[in-house]
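Trainee: Please take me through one part of this model at close range: a charged side chain, with its surroundings and the other charged side chains worth comparing with it. I'd like to follow it with the structure open beside me.

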Amino acid sequence: MEEDGKYETGLRLTRIVDEWYEGNASAFARDIDMNPTTLYKYVNGDRRHGPTVLARIAQLGINQHWLLTGDGPSLRARTDRFKPLPVQD
């Protein structure tokens, strides 16, 4: 079941890239302060989303609940740009 959830989350990330970034995964990765190679690990289900990544994605206006479960609307409210979170030690 967990494998299915990771796969589904990857599909939803791909949907974000396709709909908001016209398929440009590198632009999406930049907006969430992530290396494109790392983003592909999330899309492929090879890596799990932690709170920092989820917060960065949420700052773009994406509904975290939708991203993780597929339930509800995909967007909360779109923001103009990603605003980096402060670095925590």
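Mentor: Happy to! Helices here are DSSP runs of H or I of at least four residues, strands are runs of E of at least two, and both are numbered from the N terminus. This is a predicted model, in which local features need pLDDT of at least 70 and side-chain atom pairs count only at pLDDT 80 or more, while totals for chains, interfaces and linings use all residues. Residues are numbered from 1 along each chain as its sequence is written, and side-chain values use heavy atoms, with hydrogens and water left out.

Let's take R12, which you will find in helix α1. That helix covers residues 2–20 and has the lowest mean pLDDT among the elements, 83, whereas α2 (residues 25–31) has the highest, 96; pLDDT is the predictor's confidence in each residue, from 0 to 100. For the protein, the mean is 84, with 79% of the residues at 70 or more. The secondary structure comes to 5 helices and 0 strands, so to speak nothing but α-α-α-α-α when read along the sequence.

Now zoom in on the side chain. R12 is buried (under 20% relative accessible area; exposed is over 50%, partly exposed in between, with a 1.4 Å probe and protein chains only). Lys and Arg count as positive and Asp and Glu as negative, with His and the chain ends not counted. Although buried, R12 has no salt bridge: the nearest side chain of opposite charge belongs to E8, and it is 4.2 Å away. A salt bridge needs a side-chain nitrogen of Lys or Arg within 4 Å of a carboxyl oxygen of Asp or Glu.

What does the side chain of R12 reach, then? At 2.7 Å it comes to the backbone oxygen of L67. Contact means heavy atoms within 4.5 Å, and once its neighbours within four places in sequence are left aside, R12 is in contact with W66, L67, L68, T69 and G70. For the protein as a whole, 45% of the contacts with a separation of 6 or more are between residues 24 or more positions apart.

Helix α1 has other partners too. V43, in helix α3, is in contact with G10, L13 and T14, leaving aside its neighbours within four places in sequence. The C-alpha atoms of V43 and T14 are separated by 6.9 Å, though the two residues are 29 apart along the chain. V43 counts as buried because its relative accessible area is 19%, and 39% of the 89 residues of the protein are buried.

How many salt bridges does the rule give? The count is 2. One joins E19 and R15, whose closest N and O atoms are 3.0 Å apart. Both residues lie in helix α1, 4 residues apart, or about one turn of the helix. An α-helix has 3.6 residues a turn, so residues three or four places apart point the same way. E19 is exposed because its relative accessible area is 53%, while R15, at 36%, counts as partly exposed.

The other bridge is formed by D33 and R56, with the closest N and O atoms 3.7 Å apart. This pair links distant parts of the chain, 23 residues apart: D33 is in the loop between α2 and α3, and R56 is in helix α4 (residues 51–59). D33 is partly exposed, at a relative accessible area of 48%, whereas R56 is buried, at 16%. R56 shares that label with V53, L54, I57 and A58, the other buried residues of α4.

D33 deserves one more glance at its backbone: phi is positive, about 55 degrees, although D33 is not a glycine. E22, in the loop between α1 and α2, also has a positive phi, near 50 degrees, and is a residue other than glycine. With a relative accessible area of 77%, E22 is exposed. Just after α4, G61 takes a positive phi of about 105 degrees.

Back to where we started: R12 is buried without a salt bridge, and its side chain reaches the backbone oxygen of L67.

Technical notes. A polar contact is a pair of N or O atoms within 3.5 Å; within protein, one must be able to donate a hydrogen and the other to accept it, and residues adjacent in sequence count only if both atoms are side-chain atoms.
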